[in-house]
Amino acid sequence: MPACADPVDQLIAALASISLPPPDLESLGDTLRQDPGRLSLVDLGLDSLGRLETCIALEIEQGVLITPETVAALHGADQLLRRIATAPRV
Amino acid sequence: MSPLVQRELLPIPLPLPPGPLPAAGWMLRELYRLRVAEDPRREALRFSDHTISHAELLEHLDHWQERVQDALSRIGCLGSDRLWGVCGGDTVENLLLTISQFFAGRPLLLLPLHAGEEEWASLVHRAGVGAVFTDRPLPAALGMERRTVVEGDWQIWTPPEPLLCAPPPPSPGDGAQQVREILDQVAGIALSSGTTTGVPAIQTSSYFEALAMLQQPEWPSSRRMLFTFRMQFGASRNWALRTLLEGATLCCVRVSERLELPELAGRFEADTLPVNPTYLEEMLAQRLDERFPASLVFVTGTDRVPAGLRRRFHGRFGPRLTIALANSRLGPLTLLPPDQLLAHDGETVGFPLPNVRFGFDPETPPEWQAQGIGEAVVAKTLRVRLQHPDHGLIDLEHTLEAMRPGDLLRLWPDGLLSFAGRANDVFLFRSVLVSPHEIEDLLSEDSAVQEVVGFGAPSSVYGAVPMAALRLRSGLDPEQELPRLRRLCQDAMGYRAPKALIPMEAIPRGPSGKPLRRELGRLHALS
């Protein structure tokens, strides 16, 4: 899968590849662009296993280095997108 | 891990190059001479159009030994205090010269026929080979320039400086103890197929261990063994030479004749054929059951024959596959009779041989113990019989304690053992145990997958991340198939599913056909 440059695209691509992806990724992507502060990580379906798989997918497929422990300390989707945008790259 | 458990297989540190050998006569050749006397006219060797009885083979071995000794005396080498290489084509002369030198007790490293000059040079330098028997010009990189004719095309190549060898030690005067001391000091040498390391390794052992690997009295005999001429690997060489030492018949196939095995098995009237799982797959794909003689039994010493493959083999061929857990250092450890091929989980490797005791590492991780799995710790009693010209038969015995072949095994109540993975291959993904075989079993059943290898990609964050390298069947579009296969894995394995499916033109494998999991892991390592 080609790597994306936009943090929202990167997150949606990663969520699409986990075992239990959140439903309706297209509409989730729209919300993440328009008002990401409205969504919590629970809304993204990111329980502990989801965080694990999402972080691995971000690293393998998008080259974004972010750990499950880092994500666990965040609350909102807007924080996660900022982390993805500033995270080191492989 | 218990500090008492011995990781090294060698009971004593061994020098390389080896120390002086005793006079050649009283090694295996004299034992073989006894065996020949029992039935000299029995067929010993088939090789292409050559048919040789045991009596004729013994004459050939004596002849080659005399020619070698004559050549050595011409270059002033009376003893054998160095490691020898053999580099020849798949010819009967190569086979006879090699057998003669093994039976004479010379430590030999067989340079692989299929290898290139660079690999030969690397092996020669790494092993410390001091001289080479060869039927062909050697590359300069080997550092051998002086040549001495043995016979025909066969020459001894040595370094430019004079070859100085120590004279042979005096023949042992007081029997077994002295023999044993000598055998402990001398190195045997072989290539391993690379199960543990992923690449063939040079293995040294005491000569006692090397001789024990050639005898294996606890393993059932075969009457006529069909064998492909790839003797550079220690395990293969042991099978072949053991067949001759037992007075049975070795039907030796040239490397180039491999694809005609069914016809050769019929022509040679072979009753046993060593195989590996790759060839078993080939047999099924090409419906070779219709061409192999119905009386032929197959035997494999490969660490794992997957349950799916066993079912398909059994369905087509019936109970004709014998399985052993074996490795090139310890030889066979178990025996699974053909009628037990599908027992329990379909992954059994049989019962321990009478001279083998299995235990489990008490510090096996709890996750493994919960599944009834432990890392095997093995004790094996090695038995060696020699015929000494002065002292007659000498029987020696030694038990190797606390050996670790690196296998994870499951013990069933009836005493059968199942192979659960290589200790080095199974990996922890976070706190969860994942076996590459789970991934392979799942994906290999899909019709789109030609070949698949599971592995753990090392990661400082996750331990190892499950992944799979795969080769799709020709004509299929990876962009369509990979997402489907990935979802298939996720449905079956949940979050333990491989996180990357990596399409490849060819799966990297070592010379013996085993997948190079570590190399794949290294290539796809995460942060």
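**Burial and strand pairing in chain B**

In helix H12 of chain B, the buried residues are Pro436(B), His437(B), Glu438(B), Ile439(B), Glu440(B), Leu442(B) and Leu443(B). A residue counts as buried if 20 or more other C-beta atoms lie within 10 Å of its own, as exposed if 12 or fewer do, and as partly exposed in between, with C-beta atoms placed from the backbone. Helices (H or I, at least four residues) and strands (E, at least two) are DSSP runs numbered from the N terminus. H12(B) spans residues 436–444, and 7 of its 9 residues are buried, so the helix is largely enclosed by the rest of the structure. Its buried residues pack against four strands and two helices of chain B: strands E23 (417–422), E25 (432–434), E26 (449–459) and E27 (463–472), and helices H13 (478–493) and H14 (517–523).

The model is predicted; local features need pLDDT of at least 70, side-chain atom pairs count only at pLDDT 80 or more, and totals for chains, interfaces and linings use all residues. Residues are numbered from 1 along each chain as its sequence is written, while chains are lettered from A and ligands numbered from 1 in the order in which they are written. The model scores ipTM 0.90 and pTM 0.72. Chain B has a mean pLDDT of 82, and 84% of its residues reach 70 or more. Here pLDDT is the predictor's confidence in each residue, from 0 to 100. Over residues 1–22 of chain B, pLDDT stays under 50. For this stretch the model has 56 contacts beyond four places in sequence. Two residues are in contact if their C-beta atoms, placed from the backbone, lie within 7 Å.

Chain B holds 14 helices and 28 strands. Of its 527 residues, 46% are buried. Among its contacts between residues at least 6 apart in sequence, 66% join residues at least 24 apart.

Strand E3(B) covers residues 83–87. All 5 of its 5 residues are buried, so E3(B) is largely enclosed by the rest of the structure. Side chains in a regular strand alternate between the two faces of the sheet. In E3(B), both faces are covered. Leu83(B), Gly85(B) and Cys87(B) lie on one side, with Trp84(B) and Val86(B) on the other. E3(B) runs parallel to strand E5(B), and 5 bridges join them. Strands count as paired if DSSP finds at least two bridges between them. Trp84(B) stands opposite Ala131(B) in E5(B). Cys87(B) has Thr134(B) as its bridge partner there. E3(B) is also joined by 3 bridges to strand E4(B), residues 108–110, again in parallel. Val86(B) faces Leu110(B) in that pairing. Helix H3(B), residues 92–103, completes a right-handed β-α-β unit with E3(B) and E4(B). Right-handed means that, with the strands pointing away from the viewer, the path from the first strand over the helix to the second runs clockwise.

Strand E5(B), residues 129–134, is mostly covered, with 6 of its 6 residues buried. It is joined by 3 bridges to strand E7(B), residues 154–158, and these two run antiparallel. Val132(B) stands opposite Trp157(B) in E7(B).

Val132(B) also belongs to the largest nonpolar core, which has 154 residues. Such a core is a set of buried Ala, Val, Leu, Ile, Met, Phe, Trp, Tyr and Cys residues joined through C-beta atoms within 7 Å. Val132(B), Leu226(B), Phe227(B), Leu250(B), Leu443(B) and Ala468(B) touch the most other members. Beyond four places in sequence, Leu226(B) contacts Cys251(B), Val253(B), Leu264(B), Ala265(B), Phe268(B), Ala270(B), Thr272(B) and Leu273(B).

Two loop residues are partly exposed. Arg223(B) lies in the loop between helix H6 (207–215) and strand E10 (224–228) of chain B. It has 13 C-beta neighbours inside 10 Å and counts as partly exposed. Its contacts beyond four places in sequence are Ala248(B), Thr249(B) and Asp271(B). Gly346(B) sits in the loop between strands E17 (334–335) and E18 (348–352) of chain B. Gly346(B) is partly exposed, with 16 other C-beta atoms within 10 Å. Beyond four places in sequence, it contacts Ala307(B), Arg310(B) and Arg311(B). The C-alpha atoms of Gly346(B) and Arg311(B) are 8.1 Å apart.

The contact between the chains takes 12 residues from chain B and 11 residues from chain A. The chain B side has 7 nonpolar, 3 polar and 2 charged residues. Ala, Val, Leu, Ile, Met, Phe, Trp, Tyr, Cys and Pro count as nonpolar, Asp, Glu, Lys and Arg as charged, and the others, Gly among them, as polar.
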